[in-house]
Amino acid sequence: MRDVEKTIIDFLNDEIEDIHTYSDAPEKNRPNEFITVEIQNKNEDSFISKSTVAIQCWSNKRVNASKLAHRVCSELIKLVNIDYVSKCKIENFLNFPDLQGKIPRYQIVAYVVTTG
């Protein structure tokens, strides 16, 4: 089965070239804006993988995190242009600040179906 997390990270890094996407939030040399991708739930059978994915958009201001999240949403719908991605549906979009680090963040929850 395909690595959905890596697929989304690579896709966003290609489509949003000015802001980097990671699997984990950088601890050192943290940029002002960045994106993280994390699988929340995954069900697979022989041919189909169904994943719930959290995409978090981090920034120095809440309004910038929101703008970045909207930008990510508009790119995510293009994920289906990858031949093995049959569905990408935005299921949730919310203000999700990092309370520990007091960093503005928005979270997008997407449902992604892949084959092969």
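In which strand does cysteine 57 lie? In this predicted model, cysteine 57 is part of strand E3, which covers residues 48–58.

Strand E3 belongs to a chain with two helices and five strands. From the start of the sequence to its end, these elements follow the order α-β-β-β-α-β-β.

The chain has 116 residues and a radius of gyration of 14 Å, which agrees with the value near 13 Å that a compact globule would have. Along the principal axes, the C-alpha atoms fill a box of roughly 40 × 25 × 25 Å. Of the contacts between residues at least 6 apart in sequence, 56% join residues at least 24 apart. Buried residues account for 41% of the 116 residues.

Cysteine 57 is among the buried residues, because its relative accessibility is 0% and the limit for burial is under 20%. Beyond its neighbours within four places in sequence, cysteine 57 is in contact with Phe34, Ala65, Leu68, Ala69, Val72, Pro104, Arg105, Tyr106 and Ile108. One of these partners, proline 104, is 47 residues from cysteine 57 along the chain, and the C-alpha atoms of the two residues are separated by 8.4 Å.

At the surface, the accessible area of the chain amounts to about 6700 Å². Carbon and sulfur atoms contribute 44% of this area. The chain carries 15 positive and 17 negative charges, and the mean positions of the two sets are 7 Å apart.

Note on methods:
Residues numbered from 1 in each chain as written. Predicted model: local features only at pLDDT ≥ 70, side-chain atom pairs only at ≥ 80, totals over all residues. Heavy atoms only, no water. Helix = DSSP H or I, 4+ residues; strand = E, 2+ residues; numbered from the N terminus. Buried < 20%, exposed > 50% of the residue type's maximum accessible area, 1.4 Å probe, protein only. Contact = heavy atoms within 4.5 Å. Rg over C-alpha atoms; globule rule 2.2 N^0.38 Å. Areas by Shrake-Rupley, 256 points an atom, 1.4 Å probe, with all protein chains shown as cover. Lys, Arg positive; Asp, Glu negative; His and termini not counted. Charge placed at Lys NZ, Arg CZ, Asp CG, Glu CD.
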